[in-house]
Amino acid sequence: MKLTYEEKKILLEIARDSIKEEFGLATVDLNRDFSETLKQKCGAFVTLTIDGELRGCIGYIVSDKPLYELIYEVAKKSAFEDPRFYPLSKEEVDHIEIEISVLSPPKRIKSIDEIKVGEHGLIIQKGPFHGLLLPQVATRYNWTVKEFLEHTCLKAGLSKNEWKDPQTKIEIFSAEVFSENEIGGKQDVN
């Protein structure tokens, strides 16, 4: 999927307004006309940061909802339901930076040589444990493939070397990542 500048801007606007809607500061019209691209069903994550620090990140690997509707839903979940953080306060709304990651379908790999840091995100699953890290996480911390695998195992609640076990399922995906900062600043989307 390749999103246009306008489609990215619309998704960022939906994400911010869905959060502001919870405080009575905006309303979101999901009944308006959306492009065919924004009606596609795919996975997506919304990441919130304040001064570069993570403040919430929730999404789905796959979805049965149109992309615009999924962004509306996961933006709210990132702001108010991420179990790692207290729900976002009204005072924080103007300080958050919103980043959206639109995911390709995951693909199981046979060799870790298929993993390209900076291009792929990882999903690791073993038994009831599973963890996902977006492509930009490895880039942000300048991880090697091995470090990326180890951190994804830890996120899954596994020991860091569990990726070496043949019973561990490793999948890769790519993501189209964009933020308010890249699209022109949050003042443009408020």
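**Exercises: salt bridges and core**

The side chains of Glu176 and Lys8 form a salt bridge at 3.7 Å, N to O. The model is predicted: local features need pLDDT of at least 70, side-chain atom pairs count only at pLDDT 80 or more, and totals for chains, interfaces and linings use all residues. Residues are numbered from 1 along each chain as its sequence is written, and side-chain values use heavy atoms, with hydrogens and water left out.

**Exercise 1.** Place Glu176 and Lys8 in the chain, and classify their burial.

Solution.
- Step 1: A salt bridge puts a side-chain nitrogen of Lys or Arg within 4 Å of a carboxyl oxygen of Asp or Glu.
- Step 2: Glu176 sits in strand 7 (residues 169-179) and Lys8 in helix 1, 168 residues apart. Helices (H or I, at least four residues) and strands (E, at least two) are DSSP runs, numbered from the N terminus.
- Step 3: Buried means under 20% relative accessible area, exposed over 50%, partly exposed in between (1.4 Å probe, protein chains only). Glu176 is buried at 12%. Lys8 is buried, also at 12%.

**Exercise 2.** Analyse the salt bridge between Glu180 and Arg16.

Solution.
- Step 1: Their side chains meet at 2.7 Å, N to O.
- Step 2: Glu180 lies in helix 5 (residues 180-183) and Arg16 in helix 1, so the pair ties together parts 164 residues apart in sequence.
- Step 3: Glu180 is buried at 0%; Arg16 is buried at 1%.

**Exercise 3.** Find which residues Ile98 contacts beyond four places in sequence.

Solution.
- Step 1: Contact means heavy atoms within 4.5 Å.
- Step 2: The partners of Ile98 include Leu12, Ala15, Arg16, Val46, Phe178 and Glu180.
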